[in-house]
Amino acid sequence: MDSRVDSRVPMDVKEKASKELAAHGLSISSFIRMVLSSVANDGLPKYWGIPNAETMSSIYEAVDDIKQPHLKSASSYDELEKLLDE
């Protein structure tokens, strides 16, 4: 028995994807079936680069630094050298 999968995407994305897939003889539905079958059988592709825990920790640290800067900054090379020498 088949199951239905629904997804919402912006209209322009759907139109561009439909044209690109059609150029390769595929419909959106056939492409989705291919991708979901591939994930079900082989897992997520390695090239998707899903971050591991260490990478996510670094990302969260960078976001925190952006939201609440506590690092010293330099506006010139000389200032940077002085900071690095401390």
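Is Ser30 buried or exposed? In this predicted model, Ser30 turns out to be buried, because its relative accessible area is 17% and the cut-off for buried is under 20%. Ser30 sits in helix H2, and a polar atom of its side chain comes within reach of the backbone just before that helix: the backbone nitrogen of Ser27 is 2.9 Å away.

As for how far the coordinates can be trusted, the mean pLDDT of the protein is 91, with 100% of the residues at 70 or more. Helix H1 comes out on top with a mean of 97, while helix H3 (residues 53-67) has the lowest confidence, at a mean of 90.

Next comes the loop between H1 and H2, which is where His24 is found. His24 counts as exposed, since its relative accessibility is 56% and the cut-off for exposed is over 50%. Its side chain still has a partner, though: a polar contact of 3.2 Å joins the side chains of His24 and Glu20. Asp42 is another matter; 18 residues along the sequence from His24, it lies 23 Å away in space, C-alpha to C-alpha.

The largest pocket takes in about 620 Å³ of space. It is lined by 18 residues, and those closest to its centre are Val5, Ser7, Ile28, Ser29 and Ile32. Helices H1 (11-22) and H2 (28-42) each put at least two residues into this lining, with H2 giving the most, six residues. In chemical terms the lining is a mix: nine residues are nonpolar, six are charged and three are polar.

Salt bridges are two in number. One of them pairs Arg4 with Asp6, with 3.1 Å between the closest N and O atoms; both Arg4 and Asp6 are exposed. The other pairs Lys72 with Glu86, and here too the closest N and O atoms are 3.1 Å apart. This second pair ties together distant parts of the chain, 14 residues apart: Lys72 belongs to the loop between H3 and helix H4 (77-85), and Glu86 to the segment after H4. Lys72 is exposed, because its relative accessibility is 63% and anything over 50% counts as such. Glu86 is exposed as well, because its relative accessible area is 65%.

Definitions and conventions:
Residues numbered from 1 in each chain as written. Predicted model: local features only at pLDDT ≥ 70, side-chain atom pairs only at ≥ 80, totals over all residues. Heavy atoms only, no water. 1 Å grid on protein atoms, 1.4 Å probe; cavity = no way out; pocket = protein on both sides within 12 Å on 5 of 7 lines; lining within 4 Å. Points joined across faces, edges and corners; volume = space filled by probe spheres on them. Helix = DSSP H or I, 4+ residues; strand = E, 2+ residues; numbered from the N terminus. Nonpolar A, V, L, I, M, F, W, Y, C, P; charged D, E, K, R; others polar. Buried < 20%, exposed > 50% of the residue type's maximum accessible area, 1.4 Å probe, protein only. Polar contact = N/O pair within 3.5 Å; in protein donor to acceptor, adjacent residues only side chain to side chain. pLDDT = per-residue confidence, 0-100. Salt bridge = Lys/Arg side-chain N within 4 Å of Asp/Glu carboxyl O.
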